[in-house]
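Please look over the model shown here before reading on. The note below takes up its sheet, one residue in a helix, and its nonpolar cores.

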Amino acid sequence: MDPIRNPFSPGAGSPPPQLAGRAAILEQARILLGRAALGKPEKSLMLTGLRGAGKTVLLNEMRRMAQDAGYRTVLVEAHEDKALGLLIAPSLKTVFFELDRVARAGDRVKRGLRVLRSFLSGLTVKMGDFEIGLDIEPETGAADSGDIEMDLPNLFEALGEAAREKGNAIAILIDEIQYLTQKELGAIIMAMHRMQQRQLPVVLLGAGLPVLPGLAGESKTYAERLFSFPDVSALSEADAARAISEPALAEGVRITERALKETYRLTQGYPYFIQEWGYQLWNMAETNPIDLHVVKAATETAIRRLDQNFFRVRFDRLSPGEKSFLRAMAELGPASRSGDIAACLGVKVNSIGPVRAKLIKKGMIYSPAYGDLAFTVPLFDEFMKRAMPEFAKEA
Ligand SMILES: Nc1ncnc2c1ncn2[C@@H]1O[C@H](COP(=O)(O)OP(=O)(O)O)[C@@H](O)[C@H]1O
Ligand SMILES: [Mg+2]
């Protein structure tokens, strides 16, 4: 088929031609946005799922929904080594300036800016100087303790009050939430608790790898009460089929039942893989409808491309020790326990702790349940075997 007309879009955050199987989650977002704008209580959303499952795409869609519903939005992507306060402050400044332009009496926006300035001086103490260009006196003592768990709720409160005064609502969207530190996550939870108590029009929409299992004590109890955690997982066979067949059909091309079935088997319904296979199927097909033999031909290219991009970028960030650890995990199957991995590597279980912690911090593995470890990238075990075929089991 003509590559120029190829409807598929493999790539991190690339909007798919057909957003399949997410109606229920989008409906949840619609209700949340509607209720919060009216000052009614509703749980904020944390979308959780593996890499390539479609979280970023959903978050962007929710941002559009929020904007359509009259919200002002702030979107940040958490980062392994950048503090949340530094990431979020510039966008909050923009929102305060936007609110300031809304013609409606009140002094809450000015106060909000002073609180933001205070928040920034709190950060400066911790992280050294940086420039945000906010020429205003800080509201001393408002949000400058330097302790994010105290300062962020105060800042959000000032923001919520400013928004309410201007008849506006705010949606804060945070992608890659697994990169937040425990303290930052705790701060977000406390801030949203404050929003709920004060009935302020601020909602939080997060996305990332599952974070709940890592939380403990009070944070966990609050998190469960304040957030809902919709699972962004692989698509069902019917949704996967729709995700491929409908965009093709819109271009006048049919894909046979058995070709769809085989594609589902190979992709296991993971959205990123569906786009990749769809893309290759389209480019390789010479006749309409696209049949099984094209899937066979496309698979080789699809896997090669994934190995060179989707998998490889993650592999290249690993130290030799981390690679061996993951290779041992791959040997054991898609989910494994520390003890088994240590045994597989021929070392004592407590010696693998630091590597395990690094891999979790890098977002390569996570703990779906106490003591268990799993890859955050679907089919990564198969990739590891292709990338390191020579792994010899010790002992
Ligand atoms: N519901 C869906 N149906 C079909 N394709 C999807 C869907 N959601 C995401 N995709 C595709 O999957 C890929 C990964 O999406 P992305 O949002 O970046 O995943 P994540 O943020 O979970 O890693 C993109 O190419 C996107 O077009
Ligand atoms: Mg993403």
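The numbered points that follow describe the structure part by part.

1. This is a predicted model, in which local features need pLDDT of at least 70 and side-chain atom pairs count only at pLDDT 80 or more, while totals for chains, interfaces and linings use all residues. Residues are numbered from 1 along each chain as its sequence is written, and side-chain values use heavy atoms, with hydrogens and water left out.

2. An open sheet of 5 strands, with parallel pairing, follows the order 2-3-4-1-5; strands are DSSP runs of E of at least two residues, helices runs of H or I of at least four, numbered from the N terminus, and two strands pair if DSSP finds at least two bridges between them. Strand 2 (71–77) and strand 5 (227–228) are the edge strands, each pairing on one side only.

3. Strand 1 (residues 44–48) runs parallel to strand 5 and is joined to it by 2 bridges, with S44 standing opposite F227 of strand 5.

4. E276, in helix 10 (residues 271–284), is buried at a relative accessible area of 2%, where buried means under 20% with a 1.4 Å probe and protein chains only. Leaving aside neighbours within four places in sequence, E276 is in contact (heavy atoms within 4.5 Å) with P10, A302, R305 and L306.

5. The largest nonpolar core, a set of buried Ala, Val, Leu, Ile, Met, Phe, Trp, Tyr and Cys residues joined through side-chain atoms within 4.5 Å, has 55 residues, of which F273, F311, F325, L326 and F380 touch the most other members. Helix 10 gives the most to this core, with 6 residues. A second, separate core of 53 residues includes V115, L180, I189 and V202.

Conventions
Chains lettered and ligands numbered in written order. Buried < 20%, exposed > 50% of the residue type's maximum accessible area, 1.4 Å probe, protein only.
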